[in-house]
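Please open the model in your viewer and keep the selection tool at hand. The tour below moves from one selection to the next and says what can be found at each stop.

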Amino acid sequence: MPNETDKTNSAWDDWRWQLANSVTTIEELKLYINVSPEEEEAFHQVSERYGFRVTPYYLSLINKVDQNDPVRLQAVPDIRELEDLFHVEQLPSFHRSAVDSENPLWKEGRTDVSCIVHRYPDRVLFHLTNSCATYCRHCSRKVHAGQGSIATDRTQIDEGIAYIAERPEIRDVLLSGGDPLTLPDSKLEYVLSRLRQLPHVQIIRIGTRTPVTMPQRITPELCRMVKKYHPIWINTHFNHPKEITPEAKTAIERLLEAGVPVGNQSVLLKGINDTVEVMKELVHQLLIARVRPYYLYHADLVRGAEHFRTSIDVGMHIIENLRGHTTGFAVPQYVICTPLGKTPLNPNYVIATGPGYIVLRNYEWRTWRDPDRLDLI
């Protein structure tokens, strides 16, 4: 079994080695971090319900003795995953069904093709796998982690491509999972090449956390392959500045050199990034790495991840203290996902309106009365 010393091993930089040596047991986990008896018992109980898998690379980022390490909190099972913090039986029926549902946010977009979610008119989610390099404890799909693949064979993939081919209104395809980049280059290229044969598919996006949890996956070979099928966009998922390592920066640099724009979608997580200071440092480090902060998601209403949720006020406070206090494009769009789609959450900068005027305030709460000529239209 590998341990921290394997970082000096040449195999450490091979993503296939990282996957093959992923940590899946408590015995393996103890080689990387200190585990208390209480944590060990929690591990066994939680693992009966939810999958556990972490790459050696991602585990190497954890402070061995700090139980509140932000990477540890995202990667190591917690007994709170088994608690019903929302008291589900007391929730209104709509919210109760959402928490109990395996796919609470995707019911609206369900199709007859198992790997396709079609929630918005001009774009679809194309799920290629349920596998990830690391199973994040806050994941909205944690119940599916490691439960086989959505598109297990070429027949299913072809069904997804046929669905898209039959609908010329689809201009944007998001390859998702799980994590599509856990697939070999050949399988990924098959999907990209088939989609590029459809003239109405203008943009292909890939959602992946491998730059964070397994940056070794972003190989020169992968980048050369992806470059053939532009425009390709990638959105990844850094949640804390500690995750922006030299290895992660190398992975991002390779994508950028291949002409792939990279955006970041963080999730607001209690105890991990729910302060202005941490979030500001995160977005600043992302800009240095030339990654555009794109979304800040309010944590989904998901059974087993309730303890990560903050109040919406916490997210609004963070956005309020980023806007005007840092570079404009460093401020992500704060959104909450509902079965009706993504809804932006923004502080209110409009103080009052009246005939021919509008009163605005800035980030310092200074106000300005501006002419509004809507009355003349």
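**A pair of helices, then three further stops**

Begin by selecting helix 8 and helix 10, which are roughly parallel to each other because the angle between them falls under 35 degrees. In this predicted model, helix 8, made of residues 185-195, packs against helix 10 at an angle of about 10°, and the two axes are 10 Å apart. To see where they touch, show the side chains of Asp185, Leu188, Glu189 and Leu192 on helix 8, together with Glu221, Leu222, Met225 and Val226 on helix 10, since these residues make the contact.

Next, select helix 11, which runs over residues 246-257. How far apart are its end C-alpha atoms? They are 16 Å apart, which agrees with the span that twelve residues should cover at 1.5 Å a residue. Now colour Ala248, Ala251, Ile252, Leu255 and Leu256, which are the buried residues to look for in helix 11. These residues cover an arc of only 135° around the axis, so they sit on the same side of helix 11. Turn the view to the face that points away from this buried side, and you will come to Pro246 and Glu257, which are exposed.

Keep the buried residues of helix 11 selected and add their surroundings: they pack against helix 4 (56-59), helix 9 (210-213) and helix 10 (220-227), and also against strand 5 (232-236) and strand 6 (262-268). Before leaving this region, step along the chain to glycine 259, which follows helix 11 and has a positive phi, near 85°.

The following stop is glutamine 18, a residue of helix 1, which spans residues 15-20. Is glutamine 18 buried or exposed? Its relative accessibility is 0%, and therefore glutamine 18 counts as buried. A polar atom of the glutamine 18 side chain lies 3.0 Å from the backbone oxygen of tryptophan 12. If you set aside the neighbours within four places in sequence, the residues in contact with glutamine 18 are Trp12, Thr55, Pro56, Tyr57, Met214 and Gln216.

Finally, select arginine 141, which you will find in the loop that lies between strand 2 (123-127) and helix 7 (154-165). Although arginine 141 belongs to a loop, it counts as buried, because its relative accessibility of 9% is under the 20% cut-off. Show asparagine 130 as well, and you can trace the polar contact of 3.1 Å that joins its side chain to the side chain of arginine 141.

Terms used: Residues numbered from 1 in each chain as written. Predicted model: local features only at pLDDT ≥ 70, side-chain atom pairs only at ≥ 80, totals over all residues. Heavy atoms only, no water. Helix = DSSP H or I, 4+ residues; strand = E, 2+ residues; numbered from the N terminus. Expected span 1.5 Å × (residues − 1). Buried < 20%, exposed > 50% of the residue type's maximum accessible area, 1.4 Å probe, protein only. Arc of directions from axis to C-beta. Contact = heavy atoms within 4.5 Å. Polar contact = N/O pair within 3.5 Å; in protein donor to acceptor, adjacent residues only side chain to side chain. Axes fitted to C-alpha atoms, helices over the stretch in contact; angles between N-to-C directions. Parallel < 35°, antiparallel > 145°, perpendicular 65-115°, else oblique.
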